[in-house]
Every structure is written in structure tokens, then in C-alpha cells.
Amino acid sequence: MPVVAGSVPSSRERSSVPDLLGAAVLVCCAVWALVSAAGRAARPEGVLLALLAVAAGYAAGRIAGAILPVAAPAFAATVVAVVVVAVPKGLSGEPIAPPLGYSNANAALLTLAAGAACCAAWAARSGPLRLALRLLAAATAGMALAMGSVAAGAACLGVLLCSLAAARMDRRLLGLAGLALCAVLAVGGSVLVASDTLPGTASLTTQLTQRRVDLWRSALDLAETHPLRGIGPDRFGEVSEVALADGDTDKAHSAALQEAAEQGVPGVTLLGCAYLWMLYALWRSCRSTPVVLTAAAALTGLAVQASVDYVLSYAAVTAGAGLLAGMATARPLADEHAHDGDGHDGSEHGAVTVP
């Protein structure tokens with residue numbers, strides 16, 4: 001049953017195009033960070049470190065996922081869970097707390113760990129192993145809630161539910177589009193709250209805390225005043241009157257709004273492009289649809305958390321996102337148990353066969 005010529009990208013095209021596109025996006029992000037910092041007392045090193053972490057994590061994930069498609073994500077998820085269990089008092093958000101010193105950032109790692117565990121479960125051949133890995137994913141939700149992060153607990157649970165539902169997805173594109181819409185709504189919601197144009201903003205402010213919303217409004221004001229180059233990387237705490245008055249933070253508690261304030265509209269656009277690149281790479285991945293949608297759900301959960309907090313300011317989190325994306329887009333050296341759980345073979349690119 002030959003495939004009609006030109007109907008499906010070749011294996012080489014599937015793997016190279018997303019990688020080249022990702023490299024271009026990350027390079028553009030790095031260049032724009034330097035441009036927005038030029039001629040100012042700005043510090044683009046933090047942005048460059050985050051981009052390096054994403055690239056390094058993605059490369060490591062591609063290698064580990066190709067060699068150990070089950071063991072690599074399972075090990076990554078287990079390590080995060082073990083650290084949370086081993087040092088529960090250390091994950092309280094104190095300055096010296098390992099591994100990140102901020103409880104919400106640790107909770108973001110748990111979201112990625114849930115995605116890694118579910119990806120490993122779909123790649124595993126053994127039924128008991130799949131069950132154990134899914135129980136690990138469920139445990140991460142409990143750990144996140146125990147740390148006081150309701151958003152991360154919901155994200156972990158959402159990743160698990162999306163992973164289970166992915167078995168019934170015939171085409172991954174629709175699922176990826178739905179997840180992208182969730183991320184857009186989360187970011188758009190934070191902008192609407194900051195601009196005080198969303199109905200019920202007063203009640204949302206109570207839940208989000210007045211301090212956080214004030215920081216969002218300050219970031220939005222700075223973005224409107226400096227729409228092209230922003231105020232410069234890592235200068236929000238020095239320029240924002242709200243941050244200066246607070247004296248306890250130099251972050252806007254929203255990746256999108258802080259990026260808009262510090263690097264202008266091009267900066268936040270490139271941040272969105274980086275997220276879309278990961279979704280595109282997952283769409284073109286040779287892995288089964290459940291693996292792809294599970295990884296996308298975890299990355300979207302992280303994006304939602306990043307829309308209301310500064311979790312992307314930690315290189316460990318950005319490296320973890322790159323690692324998960326890399327493992328979910330790697331081509332296993334051995335044949336993967338590649339069916340989607342509903343009889344499909346994992347090909348979502350519209351292959352047309354003829355007798």
C-alpha cells in the first residue's frame with residue numbers, strides 16, 4: 001500500500017523543519033533581548049540563560065527520548081517527585097529552599113513531571129508499569145496541592161485527564177488547537193484584568209491578590225508607554241513604581257506582561273512564538289498522538305501558570321519545558337509501541353494510500 005507521493009512529509013523533513021524553526025525562534029528571542037537592552041542599564045543575561053536552558057533541555061530530551069523513550073521521562077518525573085517528598089520543608093518558598101527557592105516554581109516542575117510520567121506511561125508496553133506511572137502523575141497533583149498551589153494541582157490533574165482522553169483523539173491538530181486556545185485565554189485574561197475591562201474584576205482581584213493585580217497594571221502601563229523596545233530586560237523592579245513601593249519583588253508575576261513591559265510588543269510576540277513552536281514540533285512529531293497531546297497539555301499547564309506568576313524566571317523550569325518537548329518529539333531508536341490506544345498508528349498527517 002504505497003503512500004501517494006507528496007502526501008506525507010518524509011522522516012527527515014518531519015524532524016528537521018521544526019528544529020530549524022525552533023533554532024530561528026530562539027535566536028530571534030536572544031537577538032531581540034540584546035536589542036532591547038542596548039544603550040540602557042539593562043541585564044539581558046537572565047533572558048539569555050532561560051533561552052540557553054530551553055535549548056539545552058530540548059537537545060537533552062531529544063537524545064534521552066531517542067535512547068530511552070520510557071525510562072527517560074519516567075526518571076525525570078520520579079526525580080522531581082522524590083525531591084518534593086525528601087525535602088518538604090525546603091519547598092516552602094524560603095530564599096534557601098532547594099531546588100528553586102520558590103514554591104510556585106517547584107509546583108511548575110510538578111506539572112512538567114506529571115506530563116513526563118504520562119508520556120512514559122503511553123510509551124510503556126507493560127500494563128502494570130503504565131498504571132504505576134499514571135499513579136505517579138496523580139501523586140504530583142496531590143504534592144502540588146500540599147504545597148499550597150491550587151493552580152499547579154489543577155494543572156497536574158488536567159494533564160492526567162487530557163492524557164487519558166487523548167486515547168480517543170483521532171487527530172492531534174484539533175487537540176493542540178484547543179490547548180493553544182487555553183493558553184491564549186489565560187494570557188488574555190490576565191491582560192483584561194490588568195486593564196480592568198473584564199467583568200467581575202473585583203472578585204478576581206480578591207482571588208489573585210491586590211498586589212499581583214497592581215503589578216500587572218504597572219507592567220501594562222509600561223508596555224503602553226514603551227511599546228517597541230520596552231524598558232529593557234530585568235528592569236521592571238527598577239522602573240515600576242508599584243514594584244519599588246512593594247520592595248519585595250522585581251517581577252510582574254506574569255511572563256507575558258513582564259515581557260511586554262521589558263521588551264515591548266516584539267518581545268512578547270516572540271515569547272508566544274516560542275510556545276507555538278513547541279506545539280508545532282509536537283504536531284510534526286513521529287510519536288503517538290497520546291504522547292504528543294500529553295506533552296502539549298503539560299506545556300500548556302505551564303503556560304497558564306506563567307500567565308499568573310513568574311515561574312519562567314527560573315532556568316530549571318524552562319530547561320524542564322525544553323526537556324519534555326524534546327522527549328516527546330524524539331524519534332526512538334527502537335520501534336515504539338506506536339498506537340494511540342484506539343487502534344490508530346499515530347500518523348496524523350493525512351497520509352493517502354492507494355491500492
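In this tour a helix is a DSSP run of H or I that is at least four residues long, and helices are numbered from the N terminus. With that in hand, select L161, which lies in helix α6, the run that covers residues 150-165. The model on your screen is a predicted one, and every stop below should be read with that in mind.

**First stop: L161 and the whole chain**

Is L161 buried or exposed? L161 counts as exposed, because its relative accessibility is 52% and the cut-off for that class is over 50%. Add A138 to the selection and draw a line between the two C-alpha atoms: L161 and A138 are 9.6 Å apart in space, while 23 residues separate them in sequence.

Now zoom out and colour by secondary structure, where you should find 14 helices and zero strands. Following the chain along its sequence therefore gives one α after another, in the pattern α-α-α-α-α-α-α-α-α-α-α-α-α-α. Of the 355 residues of the protein, 49% count as buried. If you display contacts between residues at least 6 apart in sequence, 77% of them join residues that are at least 24 apart.

**Second stop: helix α4**

Select residues 103-123, which make up helix α4. Its 21 residues should span 30 Å at 1.5 Å a residue, and the C-alpha atoms at its ends are indeed 30 Å apart, so the expected and the modelled lengths agree. Show the surroundings of this helix as well, since 20 of the 21 residues of α4 are buried, which means that the helix is largely enclosed by the rest of the structure.

**Third stop: where α7 meets α9**

Next select α7, residues 172-194, together with α9, residues 210-225. The axes of these two helices come within 8 Å of each other and cross at roughly 90°, and α7 and α9 are therefore roughly perpendicular to each other. To see what makes the contact, show the side chains of S190, V191, V193 and A194 on α7, and those of V213, W216, R217 and L220 on α9. Sorted by class, this contact of α7 with α9 has six nonpolar residues, one polar residue and one charged residue.

**Fourth stop: the salt bridges of R217**

Keep R217 selected, for it takes part in more of the picture than the helix contact. R217 forms a salt bridge with D196, and the closest N and O atoms of that pair are 3.8 Å apart. The pair links distant parts of the chain, with D196 in the loop between α7 and α8 and R217 in helix α9, 21 residues apart. R217 also forms a salt bridge with D214, with the closest N and O atoms 4.0 Å apart. Because R217 and D214 are three residues apart in helix α9, about one helical turn separates them. Both residues of this second pair are partly exposed, R217 with a relative accessible area of 24% and D214 at 26% relative accessibility.

**Fifth stop: R43, E238 and their network**

A search of the whole structure finds eight salt bridges, and another of them is reached by selecting R43 and E238, whose closest N and O atoms are 2.7 Å apart. Which parts of the chain does this pair link? R43 sits in the loop between α1 (11-37) and α2 (45-67), whereas E238 belongs to helix α10 (residues 236-239), and the two are 195 residues apart. R43 counts as partly exposed at 33% relative accessibility, and E238 is partly exposed too, with a relative accessible area of 41%. Extend the selection to D234, R235 and K251, because salt bridges that share partners join R43, D234, R235, E238 and K251 into one network.

**Last stop: two backbone angles**

D234, already selected, is found in the loop between α9 and α10 and is partly exposed at 25% relative accessibility. Its phi is near 65°, a positive value in a residue other than glycine. Finish by selecting T209, which is found in the loop between α8 and α9. T209 has a positive phi of about 85° although it is not a glycine, and at 37% relative accessibility T209 counts as partly exposed.

Definitions and conventions: Residues numbered from 1 in each chain as written. Predicted model: local features only at pLDDT ≥ 70, side-chain atom pairs only at ≥ 80, totals over all residues. Heavy atoms only, no water. Salt bridge = Lys/Arg side-chain N within 4 Å of Asp/Glu carboxyl O. Buried < 20%, exposed > 50% of the residue type's maximum accessible area, 1.4 Å probe, protein only. Axes fitted to C-alpha atoms, helices over the stretch in contact; angles between N-to-C directions. Parallel < 35°, antiparallel > 145°, perpendicular 65-115°, else oblique. Contact = heavy atoms within 4.5 Å. Nonpolar A, V, L, I, M, F, W, Y, C, P; charged D, E, K, R; others polar. Expected span 1.5 Å × (residues − 1).
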